[in-house]
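User: I'm new to reading protein models. Can we go through some terms and see what earns each label?

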Amino acid sequence: MKEKTTTGIPEYSHIPPERLVKRVKIISKIQGNMILSLAIIILSIFLSFKTEGFFTTYNLINVLRQISLTSLMAIGFGIVVITGGMDISMGNVAAMVGMTVAGLFAIMKVNLFVSLVISLALGLGIGLLNGAVIAYLGVPPFIATLAMMFISQGITFEFTQGYPIYEGLTSNFLYIGQGYIGPLPVPVIIMIAMFILAHFFLNNTVLGQHIYSIGGNENAARVTGVNVSRVKLITYGISGFFAALTGVVMTARLGSAQPAAAGMDFFLTAATAAVLGGTELSGGVGNMLGILLGALFLGILNNGLTLLKISAYFQWIVTGILLILAIVWHTTQKSASGGKY
Amino acid sequence: MIAMDIRIDIPDHQPQPLQPILRMVNISKNFGAVQALKNVDLELYHAEILGLVGDNAAGKSTLMKILAGVLRPDTGQIFIEDRPESFKSPRDARSMGIEMVYQDFALCKNMWIAGNVFMAREIVREIIGRTFSVLDKKQMADRSRKILEEQKVSIGSCKKRAGELSGGQQQSVAIARALGFNARIVIMDEPTASLGVKQASRLLEIAQSLPQKGISAIYISHRMQDIFSICHRVMVHKTGEKVGDFRIKEVSVDEIVRLMILGKQGNGVETNSIR
């Protein structure tokens, strides 16, 4: 006996209500990562039949390499969004750091290790500056990071006059973006390592718990003694660091530092991966496995559409539609479970 | 006007309280042009439940937020067992055994129960000194379950998210967070406001049992029947000022309500100092 109710949820009159509630809870629990995993499997099976060369080791590793850069940015973005924040400067900070590392290493002939440390520290510093403006001066995250987006873009173009740097990037530097460890490209290994690290950090450290608590209920976090401002400061430092890491790996992967390589487009792809992966922009909800799956889904989709010889412009349309569908699905599931998490 | 000299009658079950556990002296607080508190004094004795009543904007919550370390007073001092204390944050107040149960429970519904109970007090295992330590989730879950069981609350798994619980269960988590860590003073801000009848009476039982555990409490409520059933003393606020302080046995609901509405000019009842 099953009939549709006004809420659109089928009613099973023979099932006691408490078990129905349980079912809704189970469905709302599996929705996130499980649905995305299923979508990835179905998409992969479809592409395996429809295209030649999708289901080959070479292509799959290629997909992983393609998603590695967006994933690195999505990790940092995801952590900021879990606090209920926003960092839209990440793309431009990545571009700036990408130019910085090339400038230091290729032009100023600074030692590779020192160049890397300075570049990553620059990203961290910019992130901390964002965090300080947001946490201590009370500027809304969107505005603060929008300002930083313009500032970093301006600095990048002012110093480079829009010219790329490609000479002097020797093989030891390029190894970061183009090398392999075993069968896996170095950027993929960096991505996997960062996902594991970020997952562990969010779930097993006090700071990770506080990041979730601020996103869930900032006031509750504050009144129970969480140092909200400090946690926010560190969180933006983390997103700045991941932007920098993305910029460094990107420069090494492209073999040249391009002032416009990363930017708003690139950042929005990373943000899309995070949102598809179940990260809620209102804060408190999101996890690293979801973000990885979101990035993987986008990667496979773009790879598949390319193999199917569908234009890159059309891929944007598909991405846009999917993003809306993902959010609608998520909202429906949340209201079906009574708005509870 | 008749000035009544009211002396506090210490409840029978408590030990000799030679001095108050808490004294807030001359507390003032402004929000811009609005003076939320004007030179307010408050005393709380060992194992005593003090009711705090007043109309909206009377300054009760502001005073309690100052005590809980959420707000800082413009003037005035707080003494805990006669030692001056200055709370820069809720963490400072909690470390002195001052806990607050908020009307909206102040829970992070996206987080697991134990995470809420132990919020800002997480149990960690040190891996490499204090700088690198990881959460001891098992111990947090076990101890949360134990604290909740002491309250006779069964919630099932402590791994559930707080948002999955009913209103009453959520409040149990909020109370567990307040009582589970050697609290000395518990502030309850309108704790029954969002509860059903059965849950509200259970909450009153919990509040009433605090003195037996040696805990003092400040109970804010609009419900006079609650105040008169569990409090030993009641303090009345009106537009940021203390307008009355009575032993509960020596005052009537009418007198309190009149003071809440009319202030010191209420019915001839004068503000009383209990020293």
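User: What makes the second largest cavity count as a cavity, and what is its volume?
Analyst: This is a predicted model. A cavity is a space where a 1.4 Å probe fits but cannot get out. The second largest cavity has a volume of about 50 Å³. The count takes in cavities of 30 Å³ or more, and it comes to two.

User: Which residues line the second largest cavity?
Analyst: There are 13 lining residues. Nearest the centre lie Gly98(A), Met250(A), Thr251(A), Gln258(A) and Ala261(A). Helix H3 (90-107) and helix H10 (228-254) of chain A each supply at least two residues of this lining.

User: How do you know what classes the lining of the second largest cavity holds?
Analyst: Sort the residues by class. Asp, Glu, Lys and Arg count as charged. The lining has no charged residues, with eight nonpolar and five polar. Gly counts as polar, so Gly98(A), part of this lining, goes with the polar ones.

User: What volume does the largest cavity have, and what lines it?
Analyst: Its volume is about 80 Å³. Both chains appear in the lining: Val223(A) and Thr224(A), then Ala68(B), Arg94(B), Ile98(B), Glu99(B), Met100(B), Tyr102(B) and Arg177(B). Strand E6 (residues 98-101) of chain B gives the most, with three residues.

User: Why are three residues in the lining of the largest cavity called charged?
Analyst: Arg and Glu are in the charged class. Arg94(B), Glu99(B) and Arg177(B) are in the lining, so they are the three charged residues. The rest are five nonpolar and one polar.

User: How many residues are in contact between chain A and chain B?
Analyst: Contact needs heavy atoms within 4.5 Å. By that test, 24 residues of chain A are in contact with 27 residues of chain B. The area buried between the chains is about 2100 Å², and carbon and sulfur atoms give 60% of it.

User: How many salt bridges and polar contacts are there between chain A and chain B?
Analyst: A salt bridge needs a Lys or Arg side-chain nitrogen within 4 Å of an Asp or Glu carboxyl oxygen. Between chain A and chain B the count is zero. The rule for polar contacts finds nine residue pairs across the interface.

How values were computed. Residues are numbered from 1 along each chain as its sequence is written. Chains are lettered from A and ligands numbered from 1 in the order in which they are written. This is a predicted model: local features need pLDDT of at least 70, side-chain atom pairs count only at pLDDT 80 or more; totals for chains, interfaces and linings use all residues. Side-chain values use heavy atoms; hydrogens and water are left out. Buried area is the accessible area (1.4 Å probe) that two parts lose on being put together, summed over both. A polar contact is a pair of N or O atoms within 3.5 Å; within protein, one must be able to donate a hydrogen and the other to accept it, and residues adjacent in sequence count only if both atoms are side-chain atoms. On a 1 Å grid over the protein atoms alone, a cavity is a set of points where a 1.4 Å probe fits but cannot get out, and a pocket is an open set with protein on both sides within 12 Å along at least five of seven lines; lining residues have an atom within 4 Å of a point. Grid points are joined across faces, edges and corners, and a volume is the space filled by probe spheres set on the points. Helices (H or I, at least four residues) and strands (E, at least two) are DSSP runs, numbered from the N terminus.
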